[in-house]
Amino acid sequence: MMNNTSKKPFNFPAGTVIRGKWYKQIYTIVKELGYGANGMVYLVQGASGYLALKMSDSNVSITSEVNVLKSFSKVQGTPLGPKLHQVDDWETRGVIIHFYTMEYIQGMNLLSFVQSKGPSWTGVLIAQLLSDLERIHQEGWVFGDLKPENLIVTGPPYRIRCIDVGGTTIQGRAIKEFTEFFDRGYWLGGSRKAEPTYDLFSVGMILINIAYPQRFNKTGTGNMQQLRKAIASKDQLSKFQPTIEKALEGSFRTAGEMRIHLLNGLSHGRSAHSAGPAVKAASSSPRQPASQRSRVQKQQRKKSSHFLETVLVVMIVSLLYVLYIYGELM
Ligand SMILES: Nc1ncnc2c1ncn2[C@@H]1O[C@H](COP(=O)(O)OP(=O)(O)OP(=O)(O)O)[C@@H](O)[C@H]1O
């Protein structure tokens, strides 16, 4: 399904009280967070603090998102999506509205963050995203509707988080939900089969979107040539160019492969005095990390000073021995 975010499905003002029909929990609307094809999201105040509440008139989409969040919650490590809180219904004016509450992920979306903090953050954040995608893929899912609006940067320390699991699809099936600019079907006529390369194509387009915040449409049939031209026309994309092109062509088998390629490109292109986040620290490339390198150097320095000490002690002892023998002979 193509994502069309034009209609607002609900319109409840701040202060509206939502009482769960089954669990009797009370949530008070603080403000609207956003809406899309699958429903409306509000920031609410619950008994345990702020939460994001997503409501929809479709029980199917609520159930399917809840299932994805439950499956993500079983994965070890940093959470892959917002933590699920509760699933319930709200009966208001004779209508049943399905909803679930989840962790409120506070921050700026990826585009706004990079616009306010500078493009030097792009590499680190995309590398984090690729780590999360690798875990999502290893669990047998494909995120599907990857776009900057679905990526929130929390912190400091800054961390990219995926929200809106509405497009998350089991590998092998047809992608459930997509947005044209990030869709390989739209640009290349490529398949919409849920496989890791589908998400990696979208990551390539996210990198392009950072340099073209207004996005652009395809000219004619749209193809790699148009995308290559767009990449080459922006200086800020030069260090990502080989990685983006490989991602668009579907040459990376895994998100991990793309991450290493991206970080290698960045560490080679980075000048010694450039400012910005520490890209090397996030690297999993075979090159030795800076912190480890300096530790090795320190150890080498320590070893050579031990050696000098030993030589000096041996020399003094030898000298004393020679003096002793000389004294005995006299
Ligand atoms: N857990 C969350 N924490 C903070 N903000 C959130 C959260 N979930 C959703 N939002 C906000 O609400 C907006 C709409 O939510 P979401 O994308 O889930 O709706 P949707 O109907 O699935 O939209 P789409 O059509 O993009 O799929 C998001 O872009 C984001 O700004």
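Student: What share of the 330 residues in this protein is buried, and what makes a residue count as buried?
Tutor: Buried residues make up 44% of the 330 residues, and each of them earns that word because its relative accessible area is under 20%. Please keep in mind that the model is predicted.

Student: How do you know how much confidence the predictor places in this model?
Tutor: The average pLDDT of the protein is 86, and 80% of the residues score at least 70, on a scale that runs from 0 to 100. Over residues 271-275, however, the pLDDT is below 50, and beyond near neighbours in sequence this stretch has two contacts in the model. Residues 280-300 also have a pLDDT below 50, with 13 contacts beyond near neighbours in sequence.

Student: What makes up the secondary structure of the protein?
Tutor: It comes to nine helices and 11 strands. Six of the strands form an open sheet in the order β1-β2-β3-β4-β6-β5, with antiparallel pairing.

Student: Which strands of that sheet are called edge strands, and why?
Tutor: They are β1 (17-19) and β5 (84-92), each of which pairs on one side only.

Student: Why are β1 and strand β2 said to pair?
Tutor: Two strands pair if at least two bridges are found between them, and β1 and β2 (residues 26-36) are joined in the antiparallel sense by three bridges, so the requirement is met. Within this pairing, V17 stands opposite T28 in β2. Helix α1 (residues 59-73) lies across β4 (49-56), β5 and β6 (95-103) of the sheet, running at about 20° to β6.

Student: What makes β7 and β10 edge strands in the other open sheet?
Tutor: That sheet has three strands in the order β7-β9-β10, with antiparallel pairing. β7 (108-109) and β10 (159-162) each have a single partner strand, so one side of each is left without a neighbour in the sheet.

Student: How do you know that β7 and β9 qualify as a pair?
Tutor: Two bridges join these antiparallel strands, and the requirement is at least two, so β7 and β9 meet it. One of the partners is I152 in β9, which bridges to N109, and I152 also has R161 as its bridge partner in β10. Between β9 (residues 151-154) and β10 there are four bridges, and the partner of V153 in β10 is I160.

Student: Which way do the residues of β9 point, and are they buried or exposed?
Tutor: L151 and V153 point one way, I152 and T154 point the other way, and all are buried. In a regular strand the side chains alternate between the two faces of the sheet.

Student: Why can the buried residues of helix α2 be said to line one face?
Tutor: In α2 (residues 110-117) the buried residues are L110, L111, F113 and V114. Seen down the helix axis, they fall within an arc of 165°, so they line one face of α2. They pack against β7, α3, β9, β10 and α5 (196-211).

Student: What makes N109 a cap for α2?
Tutor: A side-chain oxygen of N109 lies 3.0 Å from the backbone nitrogen of L111, at the N-terminal end of α2, and this distance falls within the 3.5 Å limit for a polar contact. After α2 comes G118, whose phi is positive, near 110°.

How values were computed:
Residues are numbered from 1 along each chain as its sequence is written. Side-chain values use heavy atoms; hydrogens and water are left out. Contact means heavy atoms within 4.5 Å. Buried means under 20% relative accessible area, exposed over 50%, partly exposed in between (1.4 Å probe, protein chains only). The arc is that of the directions from the helix axis to the C-beta atoms. A polar contact is a pair of N or O atoms within 3.5 Å; within protein, one must be able to donate a hydrogen and the other to accept it, and residues adjacent in sequence count only if both atoms are side-chain atoms. Axes are lines fitted to C-alpha atoms, for helices over the stretch in contact, and angles run from 0 to 180 degrees between N-to-C directions.
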